[in-house]
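Welcome, and thanks for taking a look at this one with us. Please have the sequence and the model open side by side as you read the notes below.

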Amino acid sequence: MPASPSTARAINDRLALRLLQQEGPLTAGQLKQLTGLSRPTVSDLVERLTVSGLIRVVGESGEQRRGPNARLYGIAADRAHLAALDVRTGGVLVLVSDLVGRVLAEVAVPIDAGSGTGPAVEQAVAAVEEAAHQAGPDAWAGLHTVGIGAPGLVDPATGDLRDSGGLPAWHRSLVAALQGRLPKARVTVENETNLAALAEQREGAARDRDTFVLLWLGHGVGAAVVLDGRLRRGASGGTGEIGFLPVPGTGSLPSATDCDGGFHALAGAAAIGVLAREHGLPAEVPLDGPGAARLVARAVTAQNDAATRFLDTLADRLAIGTAAVTAVLDPGCVVLGGEIGQAGGEPLAARVAARLKRLSPLPTEVRAGALGGTAVLRGALLTARDRAQDDLFAP
């Protein structure tokens, strides 16, 4: 059945808004060309979206032609503000942006493990408030959507961060605290590795892939699975918890509460530090994700015998976990993400690809992540922006 006039208008408006998001400011003539709509239809939708406050004149085209320059229309970026959080064991990173995703302020706050749940939550909320105030006088009161990336499992039925052993209790309390302080905002939480995969697909190493696996290499290890353009979370939200994957070479097996006998024991930051010392390379103690990334980056640059042996052995370990993932999912592409994947770059990715070719009959491309540790924050922002626009752009 043909669409009703109101449905057709809503479809056309949504199409125009998406084009303005993707392409930036456009003239009415450019909108006509890109949408294929008639001039009167484009004129009507421009007027409708302007009256609704979703778009405004942001300049002139500057085209060389007779008569006045054509008006450039853009999304009203200050119609809503967004916040994105990367919640880590030792602190929180916050950024605030406008509706089109332009970053207006960033704040990083360390949180001591012994702070206690209440004080830790208050520090995190204060970081969001500080970033919002830096973004402008109206940002805190006008936060429309808050996207949070955190380690641990997110219950697919409720959207809540599940209780996970070894993670600070304040992580689970943060969502409710922010929702209480921002009753008009939409506050959502997603697993950090899933957000990193979204960012790598939209802005990083997997932009041409609808099916791939992101192997997160940071303080710990994890994976995100994207199949046919859709992020797969699993029945309990646990898809990609490969730190618990039983693999050879660990000397023990993981348990339901401890991943030390799993793949984490081969590829986590602490294991990489031990491996470096075994090869005569200096390693920081204790070693976190950024510290392990610096170690790997130095090895890539050094190109001496000890560094080469270290990278070869690390690639052997990563290939074991990667082979298990590809045998089950056959994704065709694996992105080595996180700080360590980015630090290893093409030299590490090429080593893993060569070893994977010997372990698996399935052709699999291995790529270095492009966004590193920033991918979680970018993914949280992209998710917040999408949700806010879905709400504001709805008829």
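The largest pocket holds about 1,300 Å³ of space. Of the 42 residues that line this pocket, Pro151, Leu167, Glu192, His219 and Gly220 are the closest to its centre. Do keep in mind that this is a predicted model. From here, the tour goes on to the other spaces, then to strands, a helix and some single residues.

**The largest pocket**

- Four elements, β3 (81–88), α6 (192–203), β9 (221–227) and α9 (289–302), each bring at least two residues to the lining of the largest pocket.
- Sorted by class, that lining has 19 polar, 13 nonpolar and 10 charged residues.

**The second largest pocket**

- The second largest pocket has a volume of about 200 Å³.
- Its lining draws two or more residues from each of α6, β10 (230–232) and α12.
- Which element gives the largest share of this lining? That is α6, with four residues.
- From the stretch 190 to 201, you will find Glu190, Asn194, Leu195, Leu198 and Gln201 in the lining of the second largest pocket.
- Further along the chain, Val226, Gly229, Arg230, Leu231 and Arg233 line the second largest pocket, and Thr383 and Arg387 complete the list.
- The classes come out as four nonpolar, four polar and four charged residues in the lining of the second largest pocket.

**The cavity**

- How many cavities of 30 Å³ or more does the structure hold? There is one, and the volume of the largest cavity is about 30 Å³.
- The residues lining this cavity are Gly147, Ile148, Thr188, Val189, Glu190, Leu195, Ala380, Thr383 and Arg387.
- Two or more of these lining residues come from each of β6 (143–150), β7 (186–191) and α12 (375–392).
- By class, the cavity lining has four nonpolar, three polar and two charged residues.
- If you are comparing the two lists, Glu190, Leu195, Thr383 and Arg387 appear both in the lining of the largest cavity and in that of the second largest pocket.

**Strand β3 and its partners**

- Is β3 mostly covered or mostly open? Seven of the eight residues of β3 are buried, leaving the strand mostly covered.
- On one side of the pairing story, β3 runs antiparallel to β4 (residues 91–98), and eight bridges join the two strands.
- The connection between β3 and β4 is a hairpin through two residues.
- One bridge to look up in this pair is that of Arg88, whose partner in β4 is Gly91.
- β3 also pairs with β6, this time in the parallel sense and over six bridges.
- For an example from the β3 and β6 pair, try Ala83, whose bridge partner in β6 is Val146.
- Both strands of this parallel pair also turn up among the linings: β3 supplies at least two residues to that of the largest pocket, while β6 gives two or more to that of the largest cavity.

**Helix α10 and its ends**

- Helix α10 covers residues 305–329, and its 25 residues should span 36 Å at 1.5 Å a residue; the end C-alpha atoms are 35 Å apart, so the model agrees with that expectation.
- At the N-terminal end, Asn304 caps α10, with a side-chain oxygen 3.3 Å from the backbone nitrogen of Ala306.
- Just after α10 comes Asp330, with a positive phi of about 45°.

**Two aspartates with positive phi**

- As background, most residues other than glycine have a negative phi.
- Asp330 is not a glycine, yet its phi is positive; this residue sits in the loop between α10 and β11 (333–337).
- Asp330 counts as partly exposed because its relative accessibility is 42%.
- Asp228 likewise is not a glycine and has a positive phi, of about 55°.
- You will find Asp228 in the loop between β9 and β10.
- With a relative accessibility of 63%, Asp228 counts as exposed, because the cut-off for that class is over 50%.

**Ser43 in α3**

- Ser43 belongs to helix α3 (residues 39–51).
- Because its relative accessibility is 44%, Ser43 counts as partly exposed.
- Ser43 and Ala28 are 15 residues apart in sequence, and their C-alpha atoms are 7.0 Å apart in space.

Technical notes
Residues numbered from 1 in each chain as written. Predicted model: local features only at pLDDT ≥ 70, side-chain atom pairs only at ≥ 80, totals over all residues. Heavy atoms only, no water. 1 Å grid on protein atoms, 1.4 Å probe; cavity = no way out; pocket = protein on both sides within 12 Å on 5 of 7 lines; lining within 4 Å. Points joined across faces, edges and corners; volume = space filled by probe spheres on them. Nonpolar A, V, L, I, M, F, W, Y, C, P; charged D, E, K, R; others polar. Expected span 1.5 Å × (residues − 1). Polar contact = N/O pair within 3.5 Å; in protein donor to acceptor, adjacent residues only side chain to side chain. Buried < 20%, exposed > 50% of the residue type's maximum accessible area, 1.4 Å probe, protein only. Pairing = 2+ DSSP bridges.
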